[in-house]
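Subject: Structure handover

Hi,

Here is the structure I said I would pass on. Have a look at it first, and my notes on what turned up follow underneath.

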Amino acid sequence: MNEIDLFPLYLTVKVSVTATAVTVAVGIFLAWVLAKRDFFGRAFVDILVMQPLVIPPTVLGYYLLTVFGAGSPLGVFLKDTLGLEIVFTWKGAVIASTISAMPLFIKPARAALEGVSPEIENSARLLGKTEFEIFRPITMPLAWKGVLAGAVMAFARATGEFGATLMIAGNIPGLTQTLPVAIYDAVQSGNSGMANLLVGVITIFSFAVIYIAGRFAKGRVF
């Protein structure tokens, strides 16, 4: 019996938690802008944000390689100025997971924010409240269920991210091999027992996440 390597599980959790935190931090602003602001280019921003849902993951991975590769201006700047390497590191997996998960967070978060009555927010503006002072105590408490459901879905998507991660982070055991990549590696090497075990873990997890997200969407947690 082959020894079970727990590193892919550890890395998957690390990448997914980090990617979800970044997704929520950036996505809540984008969701608010798309839900509450009318500006030139809004349709383009909406389409751009939703692109990871429709383009092949390998295409997304190629774009990330082009942007963050060692020969790109940004890649050179990050390495020479900040000492950061993105390609073939776990940070690359975080970026791939964040971008892939962003649409699944923004969709429910935006819908929840759009569901908050403008009259309530306008009443606060008449009292001289800033947008942040309106968002934190008024908008967010009314929209938190949709935002939380989006965060759960984003975490699930980050956990299952494969194509873009394989392109930018690679398949380096003990360094960049997440659970989905480890499944691919097990299948390629003919280790069906390990592949079945890892697939079972991912499948059970995905069912649990969808169930939890559905409960939040209905306003119930348990």
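Let me start with a small backbone detail: just after α9, Gly-190 takes a positive phi of about 80°. The helix before it, α9, covers residues 179-188, and its buried residues are Leu-179, Pro-180, Val-181, Ala-182, Ile-183 and Ala-186. Bear in mind throughout that this is a predicted model.

Now the overall picture. The protein chain is made of 10 helices and has 0 strands, so to speak a plain run of α-α-α-α-α-α-α-α-α-α along the sequence. Its C-alpha atoms fit a box of roughly 65 × 45 × 30 Å along the principal axes. There are 222 residues, and 39% of them count as buried. If you take the contacts between residues at least 6 apart in sequence, 71% join residues at least 24 apart. On the outside, the chain exposes about 12,200 Å², with carbon and sulfur atoms supplying 70% of that area.

On to the packing. The largest nonpolar core has 21 residues, and the members that touch the most others are Phe-105, Ile-106 and Leu-113. Four helices each supply at least two of its residues: α1 (7-36), α2 (42-50), α5 (90-114) and α7 (131-160). Of these, α5 gives the most, with 7 residues. Phe-105 is worth clicking on. Leaving out residues up to four places away in sequence, Phe-105 touches Thr-23, Val-24, Gly-27 and Ile-28, and also Val-147, Gly-150, Ala-151 and Ala-154. Apart from this core lies another one, of 17 residues, including Leu-60, Leu-78, Ile-86 and Val-87.

Then the charges. The chain carries 16 positive and 13 negative side chains, and the centres of the two sets lie 9 Å apart. Side chains of opposite charge can pair when their charged atoms come close. Here the count comes to 7 salt bridges, and a few deserve a closer look.

Which parts of the chain does the pair Arg-37 and Glu-131 tie together? Their side chains meet in a salt bridge at 3.3 Å, N to O. Arg-37 lies in the loop between α1 and α2 while Glu-131 is in helix α7, so the pair links parts that are 94 residues apart in sequence. Both ends are partly exposed: Arg-37 has 29% relative accessibility, and Glu-131 has 28%.

A second bridge stays within one helix. Glu-114 and Arg-110 meet at 3.1 Å, N to O. They are 4 residues apart in helix α5, so about one helical turn separates them. That fits the general rule: an α-helix has 3.6 residues a turn, so residues three or four places apart point the same way. Glu-114 is partly exposed, with a relative accessible area of 40%, whereas Arg-110 is buried at 16%.

The third one pairs Glu-161 with Arg-157, with the closest N and O atoms 3.2 Å apart. Is Glu-161 buried or exposed? Glu-161 is buried, at a relative accessible area of 2%, while Arg-157 counts as partly exposed at 23%. Finally, salt bridges with shared partners join Arg-37, Arg-125 and Glu-131 into one network.

That's what I have for now. Shout if anything is unclear.

Cheers

Methods. Residues are numbered from 1 along each chain as its sequence is written. Side-chain values use heavy atoms; hydrogens and water are left out. A nonpolar core is a set of buried Ala, Val, Leu, Ile, Met, Phe, Trp, Tyr and Cys residues joined through side-chain atoms within 4.5 Å. Buried means under 20% relative accessible area, exposed over 50%, partly exposed in between (1.4 Å probe, protein chains only). Contact means heavy atoms within 4.5 Å. Accessible areas come from the Shrake-Rupley method with a 1.4 Å probe; for residues, only the protein chains shown count as cover. Lys and Arg count as positive and Asp and Glu as negative; His and the chain ends are not counted. The place of a charge is taken as NZ of Lys, CZ of Arg, CG of Asp or CD of Glu. A salt bridge is a side-chain nitrogen of Lys or Arg within 4 Å of a carboxyl oxygen of Asp or Glu.
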